Amino acid sequence: AKNSGRDNLQFFTAELNERVTQRLQLENDLRHAVARGELLLHYQPRIDAATLTLAGVESLVRWQHPTRGLIGPAEFIPIAEESGLIVDIGAWIIDEACRQHAQWRERGLGMVPVSINLSAVQLRDNGLCDTLRGALKRHAIDAAQIELELTESVLMDNGDAAIARLNAIKALGVSLSIDDFGTGYSSLNYLYRFPVDKLKIDRSFIQNMAAAPQNLALIHAIIGLGHTLGRQVVAEGVSQESEARMLREYGCDELQGFHFSRPLPAQEVEGWMRDRCA
Ligand code: C2E
Ligand code: CA
Ligand code: CA
Ligand code: CA
């Protein structure tokens with residue numbers, strides 16, 4: 001027991017070392033992921049709550065790592081953001097979503113908008129509008145078919161600069177959603193000032209819906225608030241029939257979650273475009 005303190009410390013530093021090394025390795029691998037064609041997008045259906053037809057799809061990035069298998073965005077997007085790689089990766093994501101949309105169009109599938117998640121670092125990048133404009137043009141995409149999702153914190157952190165950037169993006173004709181709504185520092189003031197078209201209620205509210213009645217009141221209020229401001233309201237993380245039923249009663253505009261579909265590879269989401277379009 002005399003040496004256990006030092007043993008623990010040695011164990012701790014060894015483990016820390018291991019983790020730092022792994023993280024550096026991952027960042028290094030990520031540096032080449034785009035060029036090596038290792039990134040891919042999955043697409044999760046968004047459902048029109050009134051008609052239960054397909055309203056759109058959200059693109060969600062994955063990394064097919066050569067030795068570690070399929071890695072989810074929660075594991076590598078933060079690394080991409082901290083290292084600045086997200087600007088190039090984000091540009092690839094924007095281009096790929098547009099390329100895929102054009103392919104769906106060429107194949108005569110039901111056309112629904114595709115939404116793309118943007119990180120704070122991308123919004124701050126001066127090249128963002130050019131990147132968007134370039135991808136729209138390259139694939140001859142009607143800008144109305146593209147929606148961008150930004151979290152509340154992204155908007156708050158950037159203040160007036162963010163508003164100017166968002167207005168420039170909106171001028172391209174794409175629409176904007178606030179992602180994870182309710183988890184940040186929502187204020188009526190900024191909600192009113194940001195030129196967003198949609199609010200996406202965070203999954204954490206939906207998942208506790210049935211258990212906690214105060215969440216019901218909150219969700220109901222968010223939907224009412226959104227509509228008062230002329231915004232559409234989407235619920236994410238809808239995983240049960242009972243949740244879908246209540247959200248439809250409350251007049252939520254779109255529903256998304258495992259109850260309807262998990263995120264799917266491009267080919268698999270085509271079934272929805274064939275059979276479930278309005
Ligand atoms: P998000 O934008 O809030 O995306 C929704 C996440 O919730 C997705 O996880 C999706 O698979 C998951 N989800 C959807 N429905 C359900 C449900 O019913 N139950 C549960 N438990 N989960 C559900 P995913 O794909 O792992 O993405 C995680 C986060 O990574 C995203 O959260 C987003 O913040 C970020 N992300 C994903 N793709 C991109 C991207 O292309 N660019 C950027 N910057 N971030 C991305
Ligand atoms: Ca999202
Ligand atoms: Ca979320
Ligand atoms: Ca999110």
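In the predicted model, Leu24 has a relative accessibility of 53% and is therefore classed as exposed, the threshold for that class being over 50%. Leu24 is located in helix H1, which spans residues 4–33. Together with Leu9, Phe12, Leu16 and Val20, Leu24 makes up a nonpolar surface patch whose combined accessible area is about 480 Å².

Nonpolar side chains in soluble globular proteins tend to be buried together. The largest nonpolar core of the model comprises 81 residues. The members touching the most other members are Leu30, Ile146, Leu148, Ile169, Ile219, Leu247 and Leu255. Helix H3 (residues 86–106) is the greatest contributor to this core, supplying eight residues. When neighbours within four places in sequence are set aside, Ile219 contacts Ile201, Phe205, Ile206, Met209, Leu247 and Tyr250.

The calcium ion (ligand 3) has protein donors from Asp180 (OD), Asp202 (OD) and Glu236, the last listed with two OE entries. These donors lie 2.0 to 3.2 Å from the ion, and their spacing along the chain is D-x21-D-x33-E. Distant parts of the chain are linked by the pair Asp180 and Glu236, which are 56 residues apart. Asp180 belongs to strand S6 (residues 175–181), whereas Glu236 lies in the loop between strand S8 (232–235) and helix H10 (241–249). Asp180 is partly exposed, with a relative accessible area of 25%. Glu236, by contrast, counts as buried because its relative accessibility is 12%, and the limit for burial is under 20%. The calcium ion (ligand 3) is separated from the calcium ion (ligand 2) by 5.7 Å.

Terms used
Residues are numbered from 1 along each chain as its sequence is written. Chains are lettered from A and ligands numbered from 1 in the order in which they are written. This is a predicted model: local features need pLDDT of at least 70, side-chain atom pairs count only at pLDDT 80 or more; totals for chains, interfaces and linings use all residues. Side-chain values use heavy atoms; hydrogens and water are left out. Patches are made of residues with over 30% relative accessible area and no salt bridge: like charges are joined within 9 Å, nonpolar side chains (Val, Leu, Ile, Met, Phe, Trp, Tyr) within 5 Å. Accessible areas come from the Shrake-Rupley method with a 1.4 Å probe; for residues, only the protein chains shown count as cover. A salt bridge is a side-chain nitrogen of Lys or Arg within 4 Å of a carboxyl oxygen of Asp or Glu. Helices (H or I, at least four residues) and strands (E, at least two) are DSSP runs, numbered from the N terminus. Buried means under 20% relative accessible area, exposed over 50%, partly exposed in between (1.4 Å probe, protein chains only). Donors are N, O and S atoms within 2.8 Å of the metal (3.2 Å for Na, K and Ca); water is not among the atoms, so sites may look incomplete. A nonpolar core is a set of buried Ala, Val, Leu, Ile, Met, Phe, Trp, Tyr and Cys residues joined through side-chain atoms within 4.5 Å. Contact means heavy atoms within 4.5 Å.
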